[in-house]
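Dear colleague,

I am passing on the structure below, and my notes on it follow directly after. Please read them with the coordinates open beside you.

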Amino acid sequence: MPELPEVEIVCRRLDSALRGDEVMSALAPGMNVMKTFDPPLETLGGRAVTGVRRIGKMPVVELGDLSLLIHLMSAGRLRLFDKHASPKDRASRVLIRLAGGRELRLREFGTRQRAWARLLPTDAVAEDEAVARLGPEAWPAPPLERFAALVDQPRHLHPLLRHQGDIAGIGRSWVDEVLWEAKLSPFKKGSELSKEEVERLHAGLAVLGRAIDHYEETIGADLPDKLPMPLQVHKREGEPCPRCGTTIEAVYFSEHQTNYCPAEQTGGRILKDRRLSRLLK
Ligand SMILES: [Zn+2]
């Protein structure tokens, strides 16, 4: 699932590739993808792309006073192609055909159709419910005082940091990296953090900026569907911790997992494997 660093680099690359390009036509082969109907998507014909930016994990394609707000969900990808999609491409959700033959394509892999887009007046994007409910951006990190207030909740850090209404941009991959960087347990509660731990967690958000820098250096104009993510601990169970050499452990949930270094994050404790409860469901 693309998270803040991945969506940021995609938007930066699309912004430089598309800015100024004229839209020939726009259509939505994904029957359920458009969550707005007025103005219709076809209205974009003849407009120029004025920018591509990111809000949380959502790309926004700006076309003058209209903007296409996109939620990729878990399997959506936004990518520029040199040619038009084949009508047989079942992954196509939104196609924006550009002068010169290129095509900006929202595709979605897998069977579930969950990615969505809304065509909104540009000055109304901030009030859209998906945007208005977001907490501050995780990168650049919010001021320490604001961050301290938002994590001061009796909830485990792993779900808390992924909750977009509290802080925007972190998902299942980067939460493990932030917590590993901060040397904090995913099951520690936000309200139980000492002042020093809050500061460490706040400093841990820097992994997001470092990931963006890494993508800037390694990703060219042609974006792959799946970026090679510079992850140190996420999904690396069984491997040595890059910092201390202890074996990375995992806790599995029904649809995701969290990885951690027991020596540095849980005081040496191996956390209970939750897979059994999944099997019993
Ligand atoms: Zn370690």
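Leu68 stands opposite Leu119 in strand 8, and the two strands concerned, strand 4 (residues 66-71) and strand 8, run antiparallel and are joined by 6 bridges. Strands are taken here as DSSP runs of E with at least two residues and helices as runs of H or I with at least four residues, numbered from the N terminus, and two strands are said to pair if DSSP finds at least two bridges between them. The model is a predicted one, in which local features need pLDDT of at least 70 and side-chain atom pairs count only at pLDDT 80 or more, while totals for chains, interfaces and linings use all residues. Residues are numbered from 1 along each chain as its sequence is written, and side-chain values use heavy atoms, with hydrogens and water left out.

Strands 4 and 8 belong to an open sheet of 4 strands with the order 2-3-4-8 and antiparallel pairing. Strand 2 and strand 8 (116-121) stand at its edges with a single partner strand each, so one side of each is left without a neighbour in the sheet. Direction ignored, neighbouring strands of this sheet are turned by 25 degrees against each other on average; axes are lines fitted to C-alpha atoms, for helices over the stretch in contact, and angles run from 0 to 180 degrees between N-to-C directions.

Strand 2 (residues 51-55) is mostly covered, with 4 of its 5 residues buried, where buried means under 20% relative accessible area, exposed over 50% and partly exposed in between, using a 1.4 Å probe and protein chains only. Strand 2 pairs with strand 3 (residues 58-63) in the antiparallel sense over 5 bridges, and Gly51 stands opposite Glu62 in strand 3. These two strands form a hairpin with 2 residues between them, and Gly56 in the turn has a positive phi of about 55 degrees. Helix 1 lies across strand 2 and strand 3, running at about 170 degrees to strand 2.

Gly56 also appears among the contacts of Glu137, which, leaving aside neighbours within four places in sequence, are Leu4, Arg54, Ile55, Gly56, Pro142, Ile167 and Ala168; contact means heavy atoms within 4.5 Å. Glu137 is placed in the loop between helix 2 (129-132) and helix 3 (144-151), and is partly exposed, with a relative accessible area of 23%.

A second sheet deserves a separate look. This open sheet of 4 strands has the order 1-6-7-5, again with antiparallel pairing. Its edges are strand 1 (23-27) and strand 5 (76-81), each with a single partner strand, so one side of each is left without a neighbour in the sheet. The twist averages 15 degrees from one strand to the next. Strand 6 (residues 92-98) and strand 7 (residues 103-108) pair in the antiparallel sense over 5 bridges, with Arg97 opposite Glu103 in strand 7. Helix 1 packs on this sheet, where it touches strand 5, strand 6 and strand 7, and its direction makes about 25 degrees with that of strand 5.

Turning to the helices, 8 of the 9 residues of helix 5 are buried, so this helix is largely enclosed by the rest of the structure. Its buried residues, among them Trp174, Trp180 and Ala182, pack against helix 1, helix 4 (157-162), helix 6, helix 7, strand 10 (257-260) and helix 8. Helix 5 is followed by Lys183, whose phi is positive, near 55 degrees. In helix 7 the buried residues are Val207, Leu208, Gly209, Ala211, Ile212 and Tyr215, and what covers them includes helix 1 (4-18), helix 5 (174-182) and helix 6 (195-204).

Finally, there is a zinc site. The protein donors of the zinc ion are Cys241 (SG), Cys244 (SG), Cys261 (SG) and Glu264 (OE), lying 2.0 to 2.4 Å from it; donors are N, O and S atoms within 2.8 Å of the metal (3.2 Å for Na, K and Ca), and water is not among the atoms, so sites may look incomplete. Along the chain these donors follow the spacing C-x2-C-x16-C-x2-E. Cys241 lies in the loop between helix 7 (206-218) and strand 9 (249-252) and Glu264 in helix 8 (residues 262-265), so the pair ties together parts that are 23 residues apart in sequence. Both Cys241 and Glu264 are buried.

With best wishes
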